[in-house]
Structure formats: C-alpha cells, structure tokens
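Thanks for sharing this one. Here are my notes as numbered points, to be read next to the sequence and the model.

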Amino acid sequence: SLSFEDEETIYAVSTPKGKAGIAVIRISGSSCLDIYKSLCPSKQLPKPRYAAVRTIYKPSPSTNISGIGGSSGDCKDVEILDTSSLVLYFPSPKTVTGEDVLELHIHGGSATVKAVLDAIPKSHSPSGRIRYADPGEFTRRAFLNGRLDLAQVESLSDTLDAETEQQRRAAVRGQSGKLGEKYNHWRDELLYARAEIEALIDFSEDQHFDESPEDLLSSTLGFIRRIVDMIKIHEEASRRSELLRSGIMIALVGPPNVGKSSLMNLIVGREASIVSHEAGTTRDIIEASLDIRGYLCSFADTAGLRGEKMVQDERKKTIGDIEKEGIRRARRKALESDVVIVVASLEKNDKGGIYLKYDPETLDIAAKASKSLLVINKTDLLDYALPSSTVLDKFEAGLSTIGGLRKGIPILQISCVAATESDNLNAIGGKQRKDPGGINSVVDTLVQAFSQMTNLPADLQGLLGVTTRQAQLLSECRTHLEMVLDETSQMNEREGGLDIVLVAEHLRIAAGFLAKLTGRGEAGDVEEVLGVIFEK
Ligand code: GDP
Ligand code: ZN
C-alpha cells in the first residue's frame, strides 16, 4: 500500500483561508517536475532550495501534461494566472515530506488561488495521480519517510495549536526529536535486559558468564529501577506541560455577595459574568478563558458555596433542587481546579461595625487544593469604619487557624470598588494610583503560582514536550517494570524462585509501550497509533 501512495502527488494551500497578500501552495510527490513544467512552461526549473520569480500560466487545453515537450517555448496564446510568483523546488529526500516538494508563493486573492489550484493537472501525469491532500497528509508522509518521529509529529500539532507564549515554549521543546531518541534508547535497553534475564534460564547448563547470576540479576534490576525513576520524572513533566497546553483551571469560591463576580470581571477585564446585589445570582458556573502573561487560564465563577442548612435557614426550606445542584457542582468544580481563590469580604453590621463574612467550607477546600489563595474583599469599608485597620489584622490572625487553613496560603486584601472607581477615573484622564484595590497583586500572586506549578529545572526543560498520550504510554510501561520489581522482590519468599518467563514477558510488554511512543519498532501497533495522531 505504501508504494501505491508513493505514486500519488498531493497538493494543498498551506496558508489559511481568507484574504492575504500571499498564499502558499505546497505540492509533494513524484509529479512535482511535471506540474512545474505545465505551469511554467517557458522557464527553467529553479535551482534547488532557491526562490525564483516566475509567471504562472494556465496550461493550454491542447497540451496535456504528457505532451509538454512539444509545446515548451510556445506560450503566446496561453493565459497568465499570476505574475511575480515565487517558486521553490526541493528535491527528495531531504525535504519536509521526504519526497520532491514544490512550493508556489502566489498572490493571495481567492480567485488567484482557485485559478492556480484548478490549473494543477490532476490525473494526466505520467508519474501517477495528482490530488488535493487529506488533512495531515504532508505530516503523515514525513513520518512514513522517516523525516519525523511520532513525538515530533505531536509537538508539531501542539505548535500549530499554540495560542499563548507558554504553550509555544512547551511545544517547541518537543520538536528536536531528542525525546524520541531517548525512548528508543530505553526500549533497546529493556530488550537487552530481557535477553540477559532469559539467559539466566540456561545458566546451569555450563554457559559462560562473566558475572554470577545473582550479580547479573541485581544489575539488571538496578537498571530497571533507574528507568522507572526516569519515567516518573517524565510523567511529572507531562503533567506540568499539560497545564500549559490545556490551561490552568482557577475557581473562585465564597459565599454570595462577597464580590467573586466583581473580582473575576476585573481580572478578565470584560463582562464575563453578571454582578448583582441579589444573593445567589451566579447560580451555575460561569467560565472565561484568557491569557494571563503567557499562561492560558480558565476562570470559573461558582455559585456561592453554602451548606445546605444555611440555605434552608435563608430561604425558609424552599430551596430548589436546581440551586442545590449548583452548589454541589461548585464544590466539585473547586476541588477539580488547579488553583482555588477563596473570596471573603468585610461587611458592615447594624451598629456600623465591621465583620468578616466567609464560608468555612471554602477554607477547607483551600486547604485541600494544590494551590490556593485567600482574598478579603471590600477593604474600602475600613475607610468609614471604627475601629481602625487593626480589625483586619485580627481577622487574619483568626483566619489562619480556621478550617485547617494551611500556613503559606497567601492572604490578599482587595477592594473591587476602589479598583473599578480608579479604572473609571483613568478613563476620563484622572490620576491613577499604583495598584488601586490590589487587583494587580492578585494577578501577580496567580502568575507566581502558575510559574511554580509549571516550572521545570533547566536540565529538564526539554521534557516540557512530553504529551499526555506519551505520559499514558510511559505509565503503562512503568506499571510492567514495577511488576518485574515486585516479582523479583518476592522471589526469595517463594519456593520456585524467580519466574523468569513472567519477568521476560513484562519486559517485552514494557518495551512495546515505548515502541508505541515513537511509532517505530513494532509495526503491528503503529497503524492504530497513527490513526489517533493524524486525525488531530
Ligand atoms: P458575588 O455574589 O460573590 O459574585 O458578589 P458580586 O461580585 O456580585 O458583588 C456583590 C455586591 O458586592 C455588589 O453589590 C458589589 O457592588 C459589591 N461589591 C463588590 N466588591 C466590593 C468592594 O470592594 N467594596 C464594596 N463596598 N462593595 C463591593
Ligand atoms: Zn457572582
């Protein structure tokens, strides 16, 4: 089936749809030369890998591609499709697909693109069929011709998807092919370890070994342990880069009316959810995705997390099921999130004093979350309140002991009202204070958390390219290696000693998962893996 595909030449517009100065048509396959002769009959083929200016003609009806020889030089009555096009020719095999590649950089108007596409001869080429490429087909050919390994194909896909600076950084790391080399190397070593283990079977029968069977076994096991440790590092790196790829989930939690929606709106910088005086407005979860200093994040503004008893007191046992469901979902959302922002607020009591309004359950969630921060909103009320701001300090001291709140959770004082007022002043040219309302320090604290969550030491930066699919395969590989370690650790307790056949089988399976990672090695599995990846 490969040789049949080889004879097909494919082409596609590589630039996006829509109006642009230039459009690039890329052609790959053995008919590139025929296509060139047909579109640019009077000019020499450009020097390989050099750009040349060409006029592109519509092949005259009398000249089909196989009759090119007779008509070259005679193009008086031939229609011009585009002038001053740039044409590049890349002869195989050192090309992006491994095949002959022709690139036409033409003017980007949709009529020009269509005319040139129509002019590409379709089925007349002596060197086989010519057709529009399927999605991902250039990359598929690059893989089949050994120009890219699967890990590189996946990072290519991530690169094309990258929307934020940090996503770009992660994707670029995977493109060198270093990861693929590493996994192939591990696989070779596991297969070697398997061979060594199997050799133990024959040991009693006067084989020559430099080492005793015990030494041989323990060095092999030591080696397997090292691979297990390295796999764990790769899995962790993948979790971190996954945060960059799919975005960091942030949940805002707290009782109704403390200012969750106000804070989210200020951070998002647009009306992402409704701000209202009425308790329980944010009944369901409202989400907004945004790029905060290069990190892709999604904010979830959850319904107030009230205990059911509280709700019943408030609404005199008339809470609807919908609301209960909303609260349940808010709690789950918060627990699934990567970062939890707990919002509390200062409120005035009847006598003009100030109290702190917070939900103990949210403090509990903050303590469970991997990253959390506590925000105390409405500090503008202190300007009017008695006694002084030491009230707030007392609240903070009290808070750090409440609800199992861990030490080290940042506590920030903010005022959404002060921030909004200052934004308005700014809009009419008023004086801007440095960080009015403290919203910038919330963002700073978030970005600090993002960087900690996604950071890898310099020597492991290359691992940012490990994708989730790869991490899953690594994890399966690790499981089988750990079974080997289990099996051998129990061997002394059992009568029959080590089950060598079982150990060898685990090693074979573990190596198989590594083969799936790069798509090389066990041909049987590769097609299935390819399907998954090239669909993307
Ligand atoms: P949510 O229910 O937690 O989402 O709270 P909202 O953002 O809807 O705000 C509830 C009420 O608190 C609204 O009337 C806001 O105007 C008010 N509010 C929000 N932030 C502040 C603040 O910093 N100071 C004062 N005084 N009021 C605020
Ligand atoms: Zn709200």
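1. Let me start with strand 1 (residues 9-13) and strand 6, which pair in the parallel sense over 3 bridges. Helices (H or I, at least four residues) and strands (E, at least two) are DSSP runs, numbered from the N terminus, and two strands pair if DSSP finds at least two bridges between them. Across this pairing, T9 has I130 as its bridge partner, and Y11 is bridged to Y132.

2. A word on the ground rules. This is a predicted model, in which local features need pLDDT of at least 70 and side-chain atom pairs count only at pLDDT 80 or more, while totals for chains, interfaces and linings use all residues. Residues are numbered from 1 along each chain as its sequence is written, and chains are lettered from A and ligands numbered from 1 in the order in which they are written.

3. Now the sheet to which those strands belong. It is open, has 6 strands in the order 3-4-5-2-1-6, and its pairing is mixed. Strand 3 (52-57) and strand 6 (130-132) form the edges, each pairing on one side only. On average, neighbouring strands of this sheet are turned by 30 degrees against each other, direction ignored. Axes here are lines fitted to C-alpha atoms, for helices over the stretch in contact, and angles run from 0 to 180 degrees between N-to-C directions.

4. Which sense do the other pairings take? Strands 1 and 2 run antiparallel and are joined by 4 bridges; one of the bridged pairs is A12 with R26 in strand 2. Strand 3 and strand 4 are also antiparallel, over 5 bridges, and here A52 has V87 of strand 4 as its partner. Strand 4 and strand 5 run antiparallel with 5 bridges between them, including the one from Y89 to L102 in strand 5. As a reminder, strands of a sheet pair through backbone hydrogen bonds, either parallel or antiparallel.

5. Please look at helix 4 (residues 110-119) against this sheet. Helix 4 lies across strand 1, strand 2 (22-28), strand 3, strand 4 (80-90) and strand 5 (101-107), and runs at about 65 degrees to strand 4.

6. For the chain as a whole, there are 19 helices and 13 strands. Of its 536 residues, 35% count as buried; a residue is buried if 20 or more other C-beta atoms lie within 10 Å of its own, exposed if 12 or fewer, and partly exposed in between, with C-beta atoms placed from the backbone. Among contacts with a separation of 6 or more, 70% come from residues 24 or more positions apart, a contact being two C-beta atoms, placed from the backbone, within 7 Å.

7. What about the largest nonpolar core? It has 102 residues, and V340, V342 and V375 touch the most other members. Its largest share, 8 residues, comes from helix 18 (residues 500-518). Such a core is a set of buried Ala, Val, Leu, Ile, Met, Phe, Trp, Tyr and Cys residues joined through C-beta atoms within 7 Å. Leaving aside neighbours within four places in sequence, V375 is in contact with L263, I341, V342, V343, L412, I414 and V442.

8. Helix 17 deserves a closer look. For its 22 residues, 1.5 Å a residue gives an expected span of 32 Å, and the end C-alpha atoms are 31 Å apart, which agrees; the expected span is 1.5 Å times one less than the number of residues. Buried in helix 17 are Q470, A471, L473, L474, C477, R478, L481 and V484. They lie on the same side of helix 17, because they cover an arc of only 160 degrees around the axis, the arc being that of the directions from the helix axis to the C-beta atoms.

9. Within helix 17 (residues 468-489) sits L474. Why does L474 count as buried? Because 23 other C-beta atoms lie within 10 Å. Not counting residues up to four places away in sequence, L474 touches I231, H234 and E235. L474 and I231 are 243 residues apart in sequence, yet 6.3 Å apart in space, C-alpha to C-alpha.

10. Last, G294, in the loop between strand 8 (286-292) and strand 9 (295-301). G294 counts as partly exposed because it has 15 C-beta neighbours inside 10 Å. Beyond its neighbours within four places in sequence, G294 is in contact with T164, E165 and Q166.
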